[in-house]
Amino acid sequence: MDLSLAGDKKRPRRSSRARAPTTVGSFQHDILCIIFSLLDCFDLASCSVVCKSWSAIINNSKLLQLFYRKKWQTGLLGSSNRSKECPEESWKDYLEEMAVERHRLALQEGRIRVDHLRGHSVGGEQCRTKMGLLLTGVGDKIVGLVGTRICIWRQNGIRRIFPSHEGTFSKGLCMRYCDPEAVVGCEDGTVRVFDMYSRKCSQIIRAHEGPVKCLCLSDDQLILSGSSLGDVTLSALSSGERVVKLRSQDSSGIKTLCFNPCSHQVFAGTATGYGLCWDLRMGLLWKTRVSQNSVYSMQHQRNDASTLAVGGIDGVLRLLNQSTGEVISRCILDGYLSPSSQNTLGATQRTRGRRLSEDTTIDSILRSCRPPITCLAVGMKKVITTHNSKYIRIWKFD
């Protein structure tokens, strides 16, 4: 089963209340500016994505920008930031850069807390995040792939099955959803694009000779697909034309893919534990043996070109340098979790994680501390993992 997030486009609601007088709005603006001035850059960047009004105040307030420029000049933002310029015209970019830098440092050096929560009554092996929500996204439905059927689950629990015509939809092995289209990788080597409104297959792309094992969609309408034969292809979603083919020289097969639009880099994990990186402008950058076993999932925080989270069959959460493929850190649970300690859905047990030293042998660690990571998703200073079990783990890096 594969899951993707779907968000409904809703019309803005008209407020029944009259607009507040300008003086009141100005007063609220000043109060928020005072509150925001007490925050550091990371928290300020987080506040800027809460709502449009907060984003406008933070990004457009000249007073707030001037205040932070003075803090930077006097070294109150920390010594690591003193070499960075903070011009007013790139204030928004500066906030984002500071947030990503804090995220990178937390993943590489921070303490690890783990929330172990029961999310399913049966095994769950996929996870997605969007706007701070896990699996459900910003809309009211989840689109999933089960065998040869695409299904839509709504928040009220009702499931609607997307019809598939006889002979046009072989078994699906992976899926990604980009409203209004569901892109399915199939056992026969094709990538099929389904329009969720017309409920028809709009395109069939012959991507590989072997089964399509994983998919990734870029913001500029590119479909990246990996096959069981070890190849990666890029196809245009609009035309269905194959743009480029990347060869891994690893016949074991591609198990996972992700794409970073900031660096134009494609990352792949193989069934034999290798991680690979291609720059679409330069070709293969690195190939590293990151694990002795299969790599199931790779992901990074949006706009982060430094750190890549990797999970696989050995259950160790690895953090890689995106530029070199070097393993920066290996993380597992610090201790044993009793399966009988949680009996209800949503119940959470908090524990700690620990980083392994370079000379630690993975096989010497209890399997209970490292169940296979079937899928992962990366958020700001956190990584969410699933393990083909009833439990979801949220790794928080401070």
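Colleague: Before we look at alanine 45, what does buried mean here?

Modeller: Buried means under 20% relative accessible area, exposed means over 50%, and partly exposed lies in between, with a 1.4 Å probe and protein chains only. This is a predicted model, in which local features need pLDDT of at least 70 and side-chain atom pairs count only at pLDDT 80 or more, while totals for chains, interfaces and linings use all residues. Residues are numbered from 1 along each chain as its sequence is written, and side-chain values use heavy atoms, with hydrogens and water left out. Alanine 45 has a relative accessible area of 11%, so this residue is buried.

Colleague: Which residues is alanine 45 in contact with, leaving aside its neighbours within four places in sequence?

Modeller: Contact means heavy atoms within 4.5 Å, and on that basis alanine 45 touches Leu95 and Ala99. Alanine 45 and alanine 99 are 54 residues apart in sequence, yet their C-alpha atoms are 6.3 Å apart in space.

Colleague: How many salt bridges does the structure hold?

Modeller: Side chains of opposite charge can pair when their charged atoms come close. A salt bridge is a side-chain nitrogen of Lys or Arg within 4 Å of a carboxyl oxygen of Asp or Glu, and the structure holds twelve. One of them joins arginine 192 and aspartate 188, whose closest N and O atoms are 3.0 Å apart.

Colleague: Are arginine 192 and aspartate 188 buried, partly exposed or exposed?

Modeller: Arginine 192 is buried, because its relative accessible area is 6%, whereas aspartate 188, at 27% relative accessibility, counts as partly exposed.
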